[in-house]
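Biologist: Please show me the model, and then let me ask what the words used for it rest on.

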Amino acid sequence: MSDVRVRGAAARIRVVRPGELDAGEIERWRELRALSGAPANPFMEPEFSLAVGRVRPGARVAVIGGDSGGPVGFFPYERGPLGQGRAIGFGVSDSQGPVLGPEHTLTAGELLSACSLGSWEFDNLEAGGELFVPDAAEAFDSPVIDIGQGYEAYEAALRAGSPKFFRTTTAKERRLARQAGEVRFVFDERDPAALRTLMAWKSAQYRRTGRRDRFAKEWISTLVRQLAADRPDRAPGCSGVLSVLYVADRPVAAHFGLRSRTVLSCWFPAYDTGFAKYSPGLILHLRMAQAAAGAGIGLLDLGRGPAEYKDALKTSALRVYEGASVRRGPRAALYRLGREPSRRAHSFVRDRPKLAGYAQRALSQVGRLRDR
């Protein structure tokens with residue numbers, strides 16, 4: 001237990017493993033998220049932290065007590081051996097930050113101190129997280145598809161704003177059906193073989209583009225398989241959804257994401273490169289938007305990062321932040337020496353499209369050499 005001040009009273013911050021949260025605390029977490037007014041991103045719900053806690057031994061949650069004795073906030077994180085902290089699920093979590101009620105008066109330093117953290121690193125900090133936003137080094141757009149008014153309204157907006165894109169994509173779907181067989185879409189596929197196919201495609205894509213294969217990390221592949229087994233009725237805040245586009249009963253594109261009742265967070269899309277000329281990934285995303293709207297979902301979060309398909313599909317964007325909150329002291333200097341040069345180098349390249357293009361081509365060349 002650690003004592004910090006909340007509205008002049010000594011508040012108790014209890015640090016636990018995610019699986020040690022009781023039912024009342026989990027329900028309170030959900031209540032605070034609903035009261036925040038932020039989109040119900042599944043990465044910010046307790047189920048995601050619970051899932052990460054099953055595969056990451058360093059996963060922790062700080063439970064922040066209030067004047068009345070009940071929790072006024074939760075701070076999920078992962079702690080390294082030297083007291084360095086990261087967002088829970090760092091590297092795959094697309095929305096991060098503490099879950100706080102309006103009663104709290106904590107500072108970032110007080111919270112990190114109570115958690116015995118010298119620093120806390122984030123790369124997708126949710127907008128509105130006033131506790132850590134001042135420590136952000138960069139801000140990014142996370143493109144979204146708003147289907148709150150129904151798929152028909154979204155399609156009408158696409159036809160008006162990007163008529164060539166919509167016309168070309170739907171024409172490719174018709175040509176795919178004529179030339180390869182019946183096109184079939186499943187929004188919530190439960191066949192484990194389809195998930196294995198998607199993961200194999202995605203691993204090949206990472207290698208092909210010279211990027212680190214996330215599924216080569218056992219904890220990530222295990223996390224995905226566990227989330228895929230969850231159902232919305234058992235985990236309404238965060239459950240896996242595997243969507244698959246079939247042609248003649250053969251999968252040609254797939255996506256695995258996380259959903260709450262109102263948000264689908266897009267996570268791992270991939271497709272069979274043998275069908276690339278038909279743009280099966282774009283067809284899949286349009287079908288996903290239609291099915292999600294029918295399931296009561298109002299927002300598809302495509303995640304930060306530049307991509308032509310995101311620019312074509314998006315209706316707007318949310319703001320996310322990258323950076324770190326670092327407590328004063330010798331650990332702060334060590335953190336900056338270890339992380340800031342790398343972050344600045346990445347930022348320098350990202351801000352110069354021509355240089356970024358060179359970097360991407362170099363990565364792709366590495367990927368081709370790796371596969372020889």
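Modeller: What follows takes up two helix pairs, a cavity and a pocket.

Modeller: This is a predicted model, in which local features need pLDDT of at least 70, side-chain atom pairs count only at pLDDT 80 or more, and totals for linings use all residues. Residues are numbered from 1 along each chain as its sequence is written, and side-chain values use heavy atoms, with hydrogens and water left out.

Biologist: Why is α2 called oblique to α7?

Modeller: The axes of helix α2 (residues 46-55) and helix α7 (residues 218-229) cross at roughly 135° and come within 9 Å. Angles under 35 degrees count as roughly parallel, over 145 as roughly antiparallel, 65 to 115 as roughly perpendicular and the rest as oblique. The pair is therefore oblique. Axes here are lines fitted to C-alpha atoms, for helices over the stretch in contact, and angles run from 0 to 180 degrees between N-to-C directions. Helices are DSSP runs (H or I, at least four residues), as strands are (E, at least two), numbered from the N terminus.

Biologist: Which residues make the contact of α2 and α7?

Modeller: Contact means heavy atoms within 4.5 Å. On α2 the residues are Phe 48, Ala 51, Val 52, Arg 54 and Val 55, and on α7 they are Trp 219, Thr 222, Leu 223, Gln 226 and Leu 227.

Biologist: What makes α5 and α8 roughly perpendicular?

Modeller: The axes of α5 (residues 163-180) and α8 cross at roughly 105°. That angle falls in the perpendicular class, so the two helices are roughly perpendicular to each other. Phe 165, Phe 166, Thr 169, Lys 172, Glu 173 and Leu 176 of α5 meet Leu 282, Ile 283, Leu 286 and Arg 287 of α8.

Biologist: What makes an empty space a cavity and not a pocket?

Modeller: On a 1 Å grid over the protein atoms alone, a cavity is a set of points where a 1.4 Å probe fits but cannot get out, while a pocket is an open set with protein on both sides within 12 Å along at least five of seven lines; lining residues have an atom within 4 Å of a point. One cavity of 30 Å³ or more is held by the structure. The largest cavity has a volume of about 80 Å³. Its lining has 13 residues, with Pro 76, Ile 88, Ser 95, Gln 96 and Gly 97 closest to the centre.

Biologist: Which helix gives the most to the lining of the second largest pocket?

Modeller: α8 does, with five residues. The second largest pocket is lined by 17 residues.

Notes
Grid points are joined across faces, edges and corners, and a volume is the space filled by probe spheres set on the points.
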